[in-house]
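User: I'd like a close look at one part of this model, a single residue and whatever sits around it. Could you walk me through it in plain words?

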Amino acid sequence: MLVKLFATLIEFTGKRKLEISGPKTVGELLEELDRMFPGFKKELERGYIILVNGKNIEHLRGLDTPLSDEDTVSIFPPAGGG
Amino acid sequence: MYGNWGRFLRVNLSTGEVKVEEYSEELAKKWLGSRGLAVYFLLKEMDPKADPLGPENKLIITPGPLSGTSAPTGGRYNVVTKSPLTGLITMANSGGYFGAELKFAGWDGIIVEGKAEKPVYIYIKDDNVEIRDAGHLWGKVVSETEEAIRKEVGSKKVRIALIGPAGENLVKFASVMNDGHRAAGRAGVGAVMGSKNLKAIAVEGSKQVPIADKQKFMLTVREKINKLKNDPVAGGGLPKYGTAVLVNIINENGLYPVRNFQTGVYKHAYEQSGEAMAKKYLIRNQPCYACPIGCGRVNKLPTVGVTEGPEYESVWALGANLGINDLASIIEANHQCDEFGLDTISTGGTLATAMELYEKGYLTDEELGDAPPFRWGNTEVLHYYIEKIAYRKGIGDKLAEGGYRFAESYGHPELSMSVKKLELPAYDPRGAEGHGLGYATNNRGGCHIKNYMISPEILGYPYKMDPHDISDEKVKMLIIFQDLSALIDASGLCLFTTFGLGADDYRDMLNAALGWDFSTEDYLRIGERIWNAERIFNLRAGLDPLRDDTLPKRFLEEPMPEGPNKGYTVRLKEMLPRYYELRGWTEDGRVPKEKAEELGIAEFL
Ligand code: SF4
């Protein structure tokens, strides 16, 4: 699957995009990212926006949202503006 | 009186008369200040049917009770007037330092009336007010004018609100600028200033805003600043990446409008995002007065040098909406708009309309002659036409009327992505339907600021709502947002504080500053009163809700072609009657006598 990272997460990981395969849910993906970039989950402690194919996981099944290798996952720290 | 001074400056440019207009604390308790009191004065004194560019229109410039205090972001001011673009009320809001300085000079606002015979500027130093000749300033761009006035009054401290050539030439979407790049941008307040032959208002003040309970106010303010600093948005993303941090988020959510809203997904979004800007051009942040957030960007470019901006909206309006992805060109175009005093959103929206008219063959090469063709992605178009609009040269004269009138002149008004003739900002409502209802019902037309439903629908503040839920809960949330935004504007604060603060926080600061014992509900009631009063102004100006509270046909009939919102339109027909009912209005969107009486504004019906 294609994982896209934004804002401070780019600085934290040094990456904007990653190809990852294996994780079956968003929760598992976060575990995997935390393994690859220790402290990744802590970066999201104050909130996050996670989209699977552009849909917010809050309106899917949260961290249990299933993933397949064709999916695009976008991860943002909390953000606002206008 | 605390917080407010209890007095407005009234300047009649036709007669040269300058007067002090005092008002009671009772009136402040009803309208709070700034946007609130300005709406009150406008309704009380002006015929809403007046010609917006005639001497009968009034230009009311107001900081709020918390402007000029230590309250976080307490530097905002509103420009309230009848808009030449929409024919309705508008309340353009700006940050920077001008609003605070006007407060330091001892004024809660300025009511400008009439029309000067020749170009003038107003110079205010505390109680001293002069109307000075501005013949030598007429025609100058914003930075030159600021510099010339600064020299003339011999002070570094002076803060200036002014217009550029666009305002002088009555471009219907000209802005009032201050502190170089801060704009009271929307719906043509700069043209109203220009129509009065008023080039600038320069202010210097030496007073301290009176606070009811200084100790309590200080502690409250400290607590709220901490809240903002600890908030991941107000204390994190916004200072770090500016408002353009939204580019990627809105794009990934599939509602970043591209090529005049033909789609909601842009391939080149990252290249023009806040992240990319920070990496390539940013040299520092620029906070407004007393702002702990500091979202303003200062960028450096070989072509224009050091310049402030662009905001998220400007990046988009002068970028993706025209199919343009070159960030340097966008920053330059933003700089140009600021120098001429043009609203970036309406400039971009109008050019996008021209591009779609060209794409569809309604606007031809023949008509354009030697001017560059309106092709998507053509950066030459940006720089060329921005100047033509500001000076109303060639086809720029027609473009200066705004996207709606321009498209209408070709027989295709539906190609203008505007509501009530105000060009829409950077969110495709097919990806956030509550936000769409906000556009349709906004008192000043298609604007995002006064009903920012992107917050709950996309960003998750105060909690996440499904962008495609259209239940009563959504409609009620929109009404709260509208009333709350009126309250925050009336306080003199920046709407971005809402990322870290809630309604109770504003109550705490206002009570400590003003010495009142109001509940949160009391304050929200003021917001509701302001919203309804503005609606009454519009109804009297000729607004027909069932005709005008709507969206461009594209959003109602053409499903989003791709991305996460593929297949969606905005179900406005289902939401609008619920909105009217939950507002306590009639079925045809009017404020009934009972509602007006309940809010104490029946005299204006
Ligand atoms: S958050 Fe940004 S716009 Fe608002 S007051 Fe602060 S610097 Fe100005």
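Analyst: Here is a walk through one residue of chain B, followed by a short portrait of chain A. Keep in mind that this is a predicted model.

Let's start with Glu113(B). You'll find Glu113(B) in strand E6 of chain B, the stretch covering residues 110-113. Is Glu113(B) buried or exposed? Its relative accessibility is 12%, and the cut-off for buried is under 20%, so Glu113(B) counts as buried.

What does the side chain of Glu113(B) pair up with? One partner is Arg10(B): the two side chains share a polar contact of 2.4 Å. Another is Lys58(B), whose side chain makes a polar contact of 2.9 Å with that of Glu113(B). Both partners turn up again in the wider set of contacts, once neighbours within four places in sequence are set aside. That set also takes in Val11(B), Asn12(B), Leu13(B) and Ser14(B), along with Glu45(B) and Lys196(B).

Now for chain A. Three helices and five strands make up its elements, and from the N terminus they run β-α-β-α-α-β-β-β. The radius of gyration of chain A is 12 Å, close to the 12 Å that the globule rule gives for 82 residues, so chain A is as compact as a globular protein of that length. Its C-alpha trace spans about 30 × 30 × 20 Å along the principal axes, and buried residues account for 50% of the 82. As for charge, chain A carries 11 positive and 13 negative side chains, with the centres of the two sets 4 Å apart.

Definitions and conventions. Residues numbered from 1 in each chain as written. Chains lettered and ligands numbered in written order. Predicted model: local features only at pLDDT ≥ 70, side-chain atom pairs only at ≥ 80, totals over all residues. Heavy atoms only, no water. Helix = DSSP H or I, 4+ residues; strand = E, 2+ residues; numbered from the N terminus. Rg over C-alpha atoms; globule rule 2.2 N^0.38 Å. Buried < 20%, exposed > 50% of the residue type's maximum accessible area, 1.4 Å probe, protein only. Lys, Arg positive; Asp, Glu negative; His and termini not counted. Charge placed at Lys NZ, Arg CZ, Asp CG, Glu CD. Polar contact = N/O pair within 3.5 Å; in protein donor to acceptor, adjacent residues only side chain to side chain. Contact = heavy atoms within 4.5 Å.
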